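Q: Could you walk me through this structure at a first-year level? I'd like to ask short questions as we go.

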Protein chains: 2
Amino acid sequence: MLYISHDDIENFHHIYRINLINSCSGYKSANLIGTKSNDGIENVAVFSSVTHIGSNPPLLGFFLRPTTVLRNTYENIKSTGCYTINHIHEDILSDAHHTSAKYDANISEFDQTDLRSEYKNGFEAPFVKNAPLQLAMSYVEEYPIKANNTILVIGKINGIYLNQEVLDDDGFINLSKAKIATINGLDGYAIPKLKTRFGYQRPKPI
Amino acid sequence: MLYISHDDIENFHHIYRINLINSCSGYKSANLIGTKSNDGIENVAVFSSVTHIGSNPPLLGFFLRPTTVLRNTYENIKSTGCYTINHIHEDILSDAHHTSAKYDANISEFDQTDLRSEYKNGFEAPFVKNAPLQLAMSYVEEYPIKANNTILVIGKINGIYLNQEVLDDDGFINLSKAKIATINGLDGYAIPKLKTRFGYQRPKPI
């Protein structure tokens, strides 16, 4: 096997290092986070760091870099207290990935792509229309990460919209039935097919 | 679309809620974290929350529940300062998932499965033999999450072992070439195939 040392990582060209380290954690979630500013400007941006934190209460987290385009997302969440998480699926891969481009805060990615916003049940933040799984989120708390000045934002799931056919009898959401994407590295996308479910594991007799 | 409200989520049977909320974030990374206690007992456990935090320095995080089997992992990391992250691939899905069973701290999952440990370059924690991507990690810091008493553990990548053929010229690791898995919910596994890479996005002319 090839060995890449810490010194190698430090000495790589920064583009090479970004590609390498972004691929290291494995497959990532592929989500569009939708927000709206107090001025009414809608924002939508791709995130690959949305992570399950707990089921009861139902909590998800994601990491933000403070000095990028993603800052719009952070400012809108802080000022309104709410956001949406919308799953990227096969039909919108290219537009979803394009939301990583650095647009000014007064320009909405909904105007620069074929992605469309929708509003439901009086929730203030925009959902991405036709996303097969949409979550209404409310801000709970944040943690500034000292090691690299990122921010972990934690939110609570207030509501879930999904197509009935992806929901199994035991609550499992079959992501592959909805052709939901996963991200490899910074810019690689796959549409996985579920292979197997193993169920809850108990220790073997010793 | 079906709408599941916050009250619905609260009132579901807890198994249904765990399945549902664990599927909500999208596809997850599929990793085995390897550690060794000060008494020399090896531990290996499946995690689906390993997340990219930054490339420079190269940092990954993961979330721990403090009162489960995973506690062995946490105690070993705290006492030794090091651990390994090993990617789950097609050939070891069943054994990898079985490491979620709650074994006592004096029993090694390496003895209860066909997973085998290996040691390299003098690194103290055990790697999972034949994993196509293996990371040597050192503990950096942790954040107790107030919202649900989990812990975010952040570590630095000290070294990467991988097969040459999965590494592209620009540093991108093609996870699908190594048949690396992704997790859906608590117990669903898929082996994705890379569909496309989109590259870095710049704003369209306004």
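A: Gladly, and one term comes first: two residues are in contact if their C-beta atoms, placed from the backbone, lie within 7 Å. Please also keep in mind that this is a predicted model.

Q: Okay, so which residues does B:Phe110 touch, leaving out residues up to four places away in sequence?
A: Leaving those out, B:Phe110 touches B:Glu42, B:Val44, B:Leu115, B:Arg116 and B:Ser117. As for where it sits, B:Phe110 belongs to helix H5 of chain B, which covers residues 109-112.

Q: Is B:Phe110 buried or exposed?
A: B:Phe110 is buried, because it has 20 other C-beta atoms within 10 Å, and a residue counts as buried when that number is 20 or more.

Q: And what separates B:Phe110 from B:Val128 in space?
A: Their C-alpha atoms are separated by 8.9 Å, while along the chain the two residues are 18 residues apart.

Q: Switching to the two chains: how many residues of chain B are in contact with chain A?
A: There are 98 residues of chain B in contact with 98 residues of chain A. On the chain B side, helix H2 (residues 14-23) supplies the largest share, with 10 residues, and that side divides into 49 nonpolar, 37 polar and 12 charged residues.

Q: What rotation puts chain B onto chain A?
A: A rotation of 180° with 0.0 Å of shift along its axis superposes chain B on chain A, with an RMSD of 0.0 Å. That is the relation of a two-fold axis, and in chain B the C-alpha nearest the axis belongs to B:Pro192, which is 2.2 Å from it.

Q: Why do you say the copies meet through the same surface?
A: The reason is that 100% of the interface residues of chain B are also interface residues in chain A, so the copies meet through the same surface.

Q: Do strands get involved between chains too, and if so, which strand of chain B does S1 of chain A join?
A: Strand S1 of chain A (residues 2-5) is joined by four bridges to strand S11 of chain B (residues 150-162), and the two run antiparallel. Within that pairing, A:Ser5 stands opposite B:Gly159.

Q: What about the sheet that contains S14 of chain B, what order do its strands come in?
A: That is an open sheet of four strands in the order S2(A)-S12(A)-S13(A)-S14(B), and the pairing is antiparallel. Strand S2 (28-29) of chain A and strand S14 (194-197) of chain B stand at the edges, each with a single partner strand, so one side of each is left without a neighbour in the sheet. Two bridges link S2(A) to strand S12 (residues 182-184) of chain A, and A:Ser29 has A:Thr182 as its bridge partner.

Q: Back to H2: which of its residues are buried in chain B?
A: In H2(B) the buried residues are B:Ile18, B:Asn19, B:Leu20, B:Ile21, B:Asn22 and B:Ser23. They pack against S5, S6 and S11 of chain A together with strand S12 (182-184) of chain B.

Q: S6 comes up there, so how many residues of S6 in chain A are buried?
A: Strand S6 of chain A (residues 58-64) is mostly covered, with seven of its seven residues buried. A:Pro58, A:Leu60, A:Phe62 and A:Leu64 lie on one side, A:Leu59, A:Gly61 and A:Phe63 lie on the other, and both faces are covered. In a regular strand the side chains alternate between the two faces of the sheet.

Q: Which strands pair with S6(A)?
A: Strand S5 of chain A (residues 51-55) pairs with S6(A) in the antiparallel sense over four bridges, and the two form a hairpin with two residues between them. Six bridges also join S6(A) to strand S11 of chain A (residues 150-162), again antiparallel, where A:Leu64 stands opposite A:Ile151.

Q: Last topic, helix H3 of chain B: which residues are buried?
A: In H3(B), which covers residues 71-80, the buried residues are B:Asn72, B:Thr73, B:Asn76 and B:Ile77. Seen down the helix axis, they fall within an arc of 130°, so they line one face of the helix, whereas B:Lys78 and B:Ser79 on the other side are exposed.

Q: What comes just after H3(B)?
A: Just after H3(B) there is B:Gly81, which takes a positive phi of about 80°.

Definitions and conventions. Residues numbered from 1 in each chain as written. Chains lettered and ligands numbered in written order. Predicted model: local features only at pLDDT ≥ 70, side-chain atom pairs only at ≥ 80, totals over all residues. Nonpolar A, V, L, I, M, F, W, Y, C, P; charged D, E, K, R; others polar. Pairing = 2+ DSSP bridges. Least-squares fit on C-alpha atoms with pLDDT ≥ 70 in both. Buried ≥ 20, exposed ≤ 12 C-beta atoms within 10 Å, placed from the backbone. Arc of directions from axis to C-beta.
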